[in-house]
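Here are a few exercises to work through with the model open beside you. Try each task before reading its solution.

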Amino acid sequence: MKTIRAKIILGILACSLVTALIVGILSITNTIHITENDAVESMNYYNMSVANGLNATIDGIQQSINTLSDLVLSDLDAKKFMSDKSYADKYTEQILGEVHTFAEKTEGAITCYVRYNPEYSNPTSGCFLTRDSLSDPFAEVEPTDFSMYDENDAEHVGWYYIPVKNGAPLWMDPYENSNINVYMISYVVPLFTEDGTSIGIVGMDIEFSMLTDAVDSINMFEHDYGILTKADGEILYKQGEEAGENMADLDSSLSEYSSFVSSADHSEDALTYHYGGVKKKLVYHTLHNNMILVLSAPASEINAESYRLIYSIVGAVVLALIVCVIVGFFVGNGLARPINDLTGIIEQTAQLDLRSSKNGEKLCAQRDEIGHMANEVRHMRGSFRDMVDSFNEVERTVNASIDNLDTIMRDNNQRADDNDSATQQLAAGMQQAAASTEQIVQNVAQAKDQTADIYRMADDGEKDSAQIQNRAKEMEYQSGQSSEKTHHMYEKMREKSEDAIERSKAVGRINEFTESIKSISTQTNLLALNASIEAARAGDAGKGFAVVATEIGELADETLQTVDSIDGIVGEVNDAVSGMNECIHELMRFLEETVLNDYAMFLDSGKHYKKDADYFTDVMTEVRNGVEMLEKNMHEIEAAAREIHRMAGNSSDGINDIADKSGQMRESNEMGYSKLSEARESVSEMMKIVDKFNWR
């Protein structure tokens, strides 16, 4: 039979184990889900930031070449171009300086060229500027002779005919220029008249490292890497891989890569695959030149934070179980010790030993249910002592009466009246003994009623403790949910604010464009001044041209004034962005230092509240079990008291019989002595019962 202490320890351990398993499993499941989502989201944000930087470079290149193409078309006379093949060469000399300027200003440009439709120009018409490296100046070389190649020869003249057939600006696939050993990518803009006639193309070859350097700088994880691919999955660039390899060749799970990246529904998802026996995940973003930037990393590194959290949770659960065992041991000892002491007193009472116990006063001094039970047991033992004293008094009275009866029977006739009186006194004493035993029975019944009250209170306490425990669990759950939502909101706001701050830096690029416009306006002023001087030299023939030159100069001045206004507005925007950054940082600091700390304290209070509720539930259950045992013992004590009452009643009946026959004593001394013997035997039996009690 297990002791109460063992039951309490096992109960606490079982509840703690079940709770720890439930909380641990839920925590681990939610941790894996949340951290994986956060990791994928972080990868998406990181990849997006790299893609935004690449898009800024791509947009700058496109804008430069598109502006150059608009400049080429702005002053070109389409009718002269289609009617005079020498016009293209003359027009090239006119715009050559602007082509040089755009080539120098375009970031990463290795070549810059303007070529014309060979149907309306000479085979080598146009201009071709090139340099060996970004640090060298541009040099003009003779363009490719179209007459040497067929227009279907994609290897030699595909750079011209493919964009023309495409009918729109086009990014060509990267290729290696073996002459200067530089890997390049081309952006070409076809030129058309208003009626759709092809004029030619404007294009630049950009050093591919302008894009690949950003890919090489990716370092979100220890073993991650970036990839540039086409929409069909063909790899354009990846460290350690040959260009032209397909994503599907890395792993069979990437066979649907092209359809995956072309779907907008998957733009925020991560694709899982295996490469070299390692499980990996990738995210992607489509660039403005239709390339796809892929960020790939091992799943083990992506989920590293999840694993650390899982280990922490398991450690906390094990530590909590150890603490619960220790607490259960001390709590079990604390509860079992007074109950064992009280049980010893009850066993002593069951053995009719009514002497004082050394632990009795300490138990009665306790202000709890055990103290209440100890006081009731003390009252019951006091009643038993009173009953034994009454029995002793009756014994003395009966013995005295028997002695008197013996004396009287020697002179039966003379002492008959005295004998009657003695028997009456004996009957009265036995009635008093019966009344005392009745009082004992009543006291025991009252103790039973009080025990039932204790049982009802313990049962009610157990029900209340269950409600408290449910409320504690709900409080702990709600606190955990609120804390997780606040953490998630804080991370979201932090990432979005960082992204907004990063985007705000794009305002600074406006200054670069305004400086370019100022430079162009200054050059335009110089050109207008030179034109005015030349017009003045030409005399009357140049007056019309002088008016145009003057208008151009005024337009350049207005452009400078407009650019100055834009600079002022950009300054105000920068101030506003700085103010916004300060507000965002202040808000994030408030969330981190105040709101998250408050939720952490609230969650901790919920855990302590639940622990107290569990302890209260266990205590009430043990009290209820103890009261059931006490009630059983009270039933046994009541049965013993009723037996004593029955024996006292029998003794009283015997004495009454003696009184009834006292009148017959005058007729027969033998009969009187016989009755006297019966009285002595009854007193002897009663004293045997009394002798069983130890009360002194």
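**Exercise 1: a ring pair**

At 23% relative accessibility, phenylalanine 128 counts as partly exposed, where buried means under 20% relative accessible area, exposed over 50%, and partly exposed in between (1.4 Å probe, protein chains only). Before going on, note that this is a predicted model, in which local features need pLDDT of at least 70 and side-chain atom pairs count only at pLDDT 80 or more, while totals for chains, interfaces and linings use all residues. Residues are numbered from 1 along each chain as its sequence is written, and side-chain values use heavy atoms, with hydrogens and water left out.

Task: work out how the rings of tyrosine 113 and phenylalanine 128 are arranged.

Solution.
- Start with the search: the whole structure holds 13 aromatic pairs. Rings of Phe, Tyr and Trp (its six-membered ring) pair if their centres lie within 6.5 Å; planes under 30 degrees apart count as stacked, over 60 as edge-to-face and the rest as tilted.
- Tyrosine 113 and phenylalanine 128 sit 5.7 Å centre to centre with 15° between the planes, so they are stacked.
- Next, place them: tyrosine 113 is in strand β1 (residues 109–116) and phenylalanine 128 in strand β2 (residues 126–130), 15 residues apart. Strands (E, at least two residues) and helices (H or I, at least four) are DSSP runs, numbered from the N terminus.
- Tyrosine 113 is buried, at 3% relative accessible area.
- Finally, zoom out: ring pairs join Tyr113, Phe128, Phe146, Trp159, Tyr160 and Tyr161 into a cluster.

**Exercise 2: a kinked helix**

Task: find where α3 kinks, and by about how much.

Solution.
- Helix α3 covers residues 87–105, 19 in total.
- From first C-alpha to last, α3 reaches 27 Å, close to the expected 27 Å; the expected span is 1.5 Å times one less than the number of residues.
- Even so, α3 has a kink of about 50° centred on isoleucine 95, the bend being the angle between axes fitted to the seven residues ending there and the seven starting there.
- Ile95 is among the buried residues of α3, which also include Tyr91 and Val99.
- Lysine 105, also in α3, is exposed at 60% relative accessible area.

**Exercise 3: an unusual phi**

Task: what is notable about the phi of asparagine 290?

Solution.
- Most residues other than glycine have a negative phi.
- Asparagine 290 is not a glycine, yet its phi is positive, about 70°.
- Its place is the loop between β11 (278–286) and β12 (292–298).
- Asparagine 290 is exposed, with a relative accessible area of 60%.
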